[in-house]
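Good morning, and thank you for joining this meeting. Please look at the sequence and the structure as I show them.

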Amino acid sequence: MTTVETPAPREMTVIYSRADRVFRGIVTAGALTSLILLGLIASFLVYRSSGIFREFGLKFITGTEWFSDSFREVGDEARPDSSVFSIGPMIVGSVVVATIAMLIAVPLSIGGALYIEFYAPRSIYRVLVAMLDLAAAIPSLIFGLWGIEIFTAFGVRWATFLNDRLGFLPIFSVEFENFGRSPFVAGCVLASLVVPITTSVAREVYSRTPRDLIDTCYALGGSKWGAIRSVVMPYGRSGVIAGAMLGLGRALGETVAIYLMLNLVFKYSYQILDSTGGNVASMIALKFGEATDREISALIAAGLVLFIITLIVNMVASNIVQRTTPRS
Amino acid sequence: MMQRTMNMTNSDLETTGRTSDPMSEVTSFRGLETRSVHAWFGKHHALAGVSLRFPERTVTGLIGPSGCGKSTFIRLLNRMHEFIPSAAMAGSVLLNGSDIYDPSEDPAMIRLKVGMVFQKPNPFPAMSIRENVLAGIKLAHLKRDNHDDIVEQCLTRAGLWKEVKDRLDASGGSLSGGQQQRLCIARSLAVEPQVLLMDEPCSALDPGSTLRIEETIKELAEKITVIIVTHNMQQASRVSDFCAFFLTDGGPGYLVEADSTRKMFTNPSDPRTADYVQGKFG
């Protein structure tokens with residue numbers, strides 16, 4: 001009896017055509033370019049801000065004082081620089097305003113997307129979708145101006161109502177009854193900026209629900225709402241989360257609208273109806289124009305912090321998206 | 001408009017030609033009945049003058065080449081047709097004598113009585129096996145307190161219980177294609193339909209799974225009426241008691257003839273039926 005010798009696996013080669021090689025080169029270059037750009041931005045931020053972090057350490061993130069000793073540059077180099085840079089309240093402000101915006105925007109977006117996809121008459125469907133995409137392209141400056149000129153009047157009424165009814169809760173209490181430039185009102189304006197993007201993504205995701213899953217719900221005697229609740233929403237969950245994260249990215253980094261809507265106050269505050277607040281991005285915009293060299297380094301350090309926060313948010317988001325994607 | 005009327009000798013399944021006033025005719029017929037049913041998609045006339053009877057506790061196979069309106073017809077039987085924009089219908093569909101298109105009928109209640117299993121196995125992706133079976137009860141807000149019994153009973157009738165009884169909390173998507181389709185059948189059974197429509201339920205499955213489902217269909221027919229669309233002639237001859245043959249000449253689809261499956265496969269009245277069941281066209 002002869003034993004069959006197990007052969008060594010053969011090597012498999014691929015021959016790429018010329019067109020394949022060129023195309024491969026182009027897409028690889030494209031992918032590398034964005035990665036290299038990201039790396040360069042990160043290293044620029046780290047390089048320019050390293051001095052600030054060495055000097056202030058963790059204090060830069062937790063402290064509540066921003067003082068630029070700008071007179072020193074004019075004359076006496078002998079006098080020690082008494083600048084203090086720290087952005088604690090701005091970080092908290094970024095998170096607070098973005099959270100308010102998301103709490104308002106996400107339910108609105110889900111409702112809006114479901115309406116457009118499942119309830120809107122066919123005749124206005126296209127118009128609604130086009131308007132939504134248009135709204136997503138409006139510069140945030142316009143939203144900021146609208147916020148100040150028009151919305152604040154309404155926002156103040158809502159804020160007054162909240163303070164009146166729920167003022168016993170610390171976050172709805174105020175020190176001065178001046179609700180106009182509060183994180184709550186700014187959060188509302190930010191929400192209106194986020195809604196178009198999130199709605200657009202959510203609608204797209206909902207529209208991909210397999211038709212026969214929806215039909216199955218009807219075939220089981222379900223209503224439209226039943227089909228939406230048991231199939232459309234679970235099916236679209238991960239996509240909607242991804243869309244909300246796109247919106248959150250915009251909300252965290254929003255500069256101009258917040259710059260117009262909020263007074264920058266370097267004080268930790270959890271009272272969202274009080275006229276104190278600010279966020280990292282708008283602070284950078286506000287201070288940059290008249291900054292000394294050292295202050296610019298500090299602003300760049302603030303930029304790095306924002307960069308890292310955004311990175312973390314995105315990583316957490318993609319993790320959630322992966323875990324909630326239905327497997328079938 | 002094309003109008004086909006058949007004179008049948010078989011009294012169990014007769015096509016009731018177009019009557020002058022269908023509503024005046026008092027019927028004591030138990031089961032599902034269509035009277036000169038037409039279907040349109042916009043201006044496209046998809047189905048013309050189909051009159052058929054589906055007696056209780058029988059299996060009827062709907063056969064015919066692609067595009068002859070079988071799926072359109074089956075979707076008319078539980079009011080799924082109207083979900084397609086611009087879809088229209090004429091004629092009447094009677095369940096135990098009452099018109100399911102009557103304005104006073106709630107379409108959701110009709111679909112509860114006339115269930116449907118689709119071509120592709122489609123368990124709800126975010127739900128476990130158990131939740132899938134109970135999905136209809138939740139969707140239709142039925143009051144049931146013996147959920148465990150329903151799950152066991154429906155899975156048993158669908159021929160799946162033994163395979164999944166130890167992992168009812170596993171995702172429905174973790175099953176094989178054939179098991180998924182049986183889960184879908186179990187899901188349809190949970191709301192206790194009187195009629196089950198099946199639109200090519202085995203076309204995406206391997207032969208072994210197909211046989212399992214055919215056994216299931218025969219068992220189901222002890223209690224309910226089954227109407228199955230199939231492109232597989234062997235399947236039609238294996239599972240069905242009656243067959244209805246649809247055809248199109250480029251215009252709307254119409255019914256050529258309907259009779260007992262044995263007669264349809266051995267001695268059909270129309271030569272086109274004979275050609276089709278022998279695989280000479282289609």
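A residue is called buried under 20% relative accessible area, exposed over 50%, and partly exposed in between, with a 1.4 Å probe and protein chains only. By that rule, 43% of the 328 residues of chain A are buried.

I should state the conditions early. This is a predicted model, in which local features need pLDDT of at least 70 and side-chain atom pairs count only at pLDDT 80 or more, while totals for chains, interfaces and linings use all residues. Residues are numbered from 1 along each chain as its sequence is written, chains are lettered from A and ligands numbered from 1 in the order in which they are written, and side-chain values use heavy atoms, without hydrogens and water.

Let us turn to the overall form. The radius of gyration of chain A, taken over C-alpha atoms, is 26 Å, whereas a compact globule of 328 residues would have one near 20 Å, by the rule of 2.2 Å times the number of residues to the power 0.38. Along the principal axes, the C-alpha atoms of chain A fill a box of roughly 95 × 60 × 40 Å.

Finally, the cysteines. How many disulfides are there over all chains? The count is zero, where a disulfide is a pair of cysteine sulfur atoms within 2.5 Å. A:Cys217 has no such bond because the closest cysteine sulfur, in B:Cys184, is 12 Å from its own, too far. A:Cys217 is also buried, at 0% relative accessible area. For B:Cys68, the closest cysteine sulfur is that of B:Cys243, 13 Å away and too far for a bond. B:Cys68 likewise counts as buried, with 0% relative accessibility.
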